[in-house]
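Here are my notes on the model you sent over. I've put them as numbered points so you can go through them with the viewer open.

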Amino acid sequence: MPKRNNEHISISDALKEFVEINKLEKGLNKVNVADAWAKLMGNGVNNYTTAVNLERDTLYVQLSSSVLREELSYGKQKIINMLNEELGKEIIKKLILR
């Protein structure tokens, strides 16, 4: 168990330290990316989204509509920029629509 500090720190700093110590950032990024996708793309796209997976710096999105997949493929870079802006850091570098 880590040594206890007697200094006062904020809850957000304590949570950040906990995430760093336990190496939870990758898992949190996966959850945050899926939430950002659902929030930014709206109900129309979410109805056809079957899976959202983040592996390293590549986001894999599985869609049940080939027409929607084709439409979204035209704006891949814009989608990547929107998601990274929503997340507050550059997590996604490549988007693959399946």
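1. Where is asparagine 29 found? In this predicted model, asparagine 29 is found in helix 2. At 12% relative accessibility it counts as buried, because the cut-off for that class is under 20%. Leaving aside residues up to four places away in sequence, asparagine 29 touches Leu54, Lys89 and Ile91. Keep Lys89 and Ile91 in mind, as both turn up again in point 7.

2. On to the sheet. It is an open one of 3 strands in the order 1-2-3, and the pairing is mixed. Strand 1 and strand 3 are the edge strands, each pairing on one side only. Averaged over the sheet and ignoring direction, neighbouring strands are turned by 15 degrees against each other. As for the helices, helix 2 packs on this sheet and touches strand 1, strand 2 and strand 3. The direction of helix 2 makes about 150 degrees with that of strand 1. Helix 4 also packs on the sheet, touching strand 2 and strand 3. Its direction makes about 120 degrees with that of strand 3.

3. How do the strands pair up, parallel or antiparallel? Strand 1 (residues 49-55) and strand 2 run antiparallel and are joined by 6 bridges. Strand 2 and strand 3 run parallel, with 4 bridges between them. If you want particular pairs to click on, glutamate 55 has threonine 58 of strand 2 as its bridge partner, and valine 61 stands opposite leucine 97 in strand 3.

4. Have a look at the turn as well. Strand 1 and strand 2 form a hairpin with 2 residues between them. Arginine 56 sits in the loop between these two strands. Its phi is near 55 degrees, a positive value in a residue other than glycine. Is arginine 56 buried or exposed? It is exposed, with a relative accessible area of 82%, and the cut-off for that class is over 50%.

5. Now helix 4, which takes up most of my remaining points. Does its length add up, and what span should we expect? At 1.5 Å a residue, the 12 residues of helix 4 (residues 76-87) should span 16 Å, and the end C-alpha atoms are 17 Å apart, which agrees. After the helix comes glycine 88, whose phi is positive, near 85 degrees.

6. Which residues of helix 4 are buried? They are Ile79, Ile80, Leu83, Asn84 and Leu87. Seen down the helix axis, these buried residues fall within an arc of 130 degrees, so they line one face of helix 4. The face turned away from that buried side carries the exposed residues Lys78 and Glu85. What does the buried set pack against? The partners are helix 2 (25-46), strand 2 (58-63), helix 3 (66-73) and strand 3 (94-97).

7. Asparagine 84 deserves its own point. It has its place in helix 4, and at 10% relative accessibility it counts as buried. What does its side chain reach? It reaches the backbone nitrogen of isoleucine 91, at 3.1 Å. Not counting residues up to four places away in sequence, asparagine 84 touches Lys89, Glu90, Ile91 and Ile92. Put that next to point 1: asparagine 29 of helix 2 also has Lys89 and Ile91 among the residues it touches.

8. Two more residues of helix 4 are worth a look. Asparagine 81 is found in this helix, and at 42% relative accessibility it counts as partly exposed. Asparagine 81 and lysine 93 are 12 residues apart in sequence, and their C-alpha atoms are 8.9 Å apart in space. Methionine 82 lies in helix 4 too. Methionine 82 counts as partly exposed, at 31% relative accessibility. How far is its C-alpha atom from that of methionine 41? The separation is 9.9 Å, for two residues that are 41 residues apart along the chain.

Terms used. Residues numbered from 1 in each chain as written. Predicted model: local features only at pLDDT ≥ 70, side-chain atom pairs only at ≥ 80, totals over all residues. Heavy atoms only, no water. Expected span 1.5 Å × (residues − 1). Buried < 20%, exposed > 50% of the residue type's maximum accessible area, 1.4 Å probe, protein only. Arc of directions from axis to C-beta. Contact = heavy atoms within 4.5 Å. Pairing = 2+ DSSP bridges. Polar contact = N/O pair within 3.5 Å; in protein donor to acceptor, adjacent residues only side chain to side chain. Axes fitted to C-alpha atoms, helices over the stretch in contact; angles between N-to-C directions.
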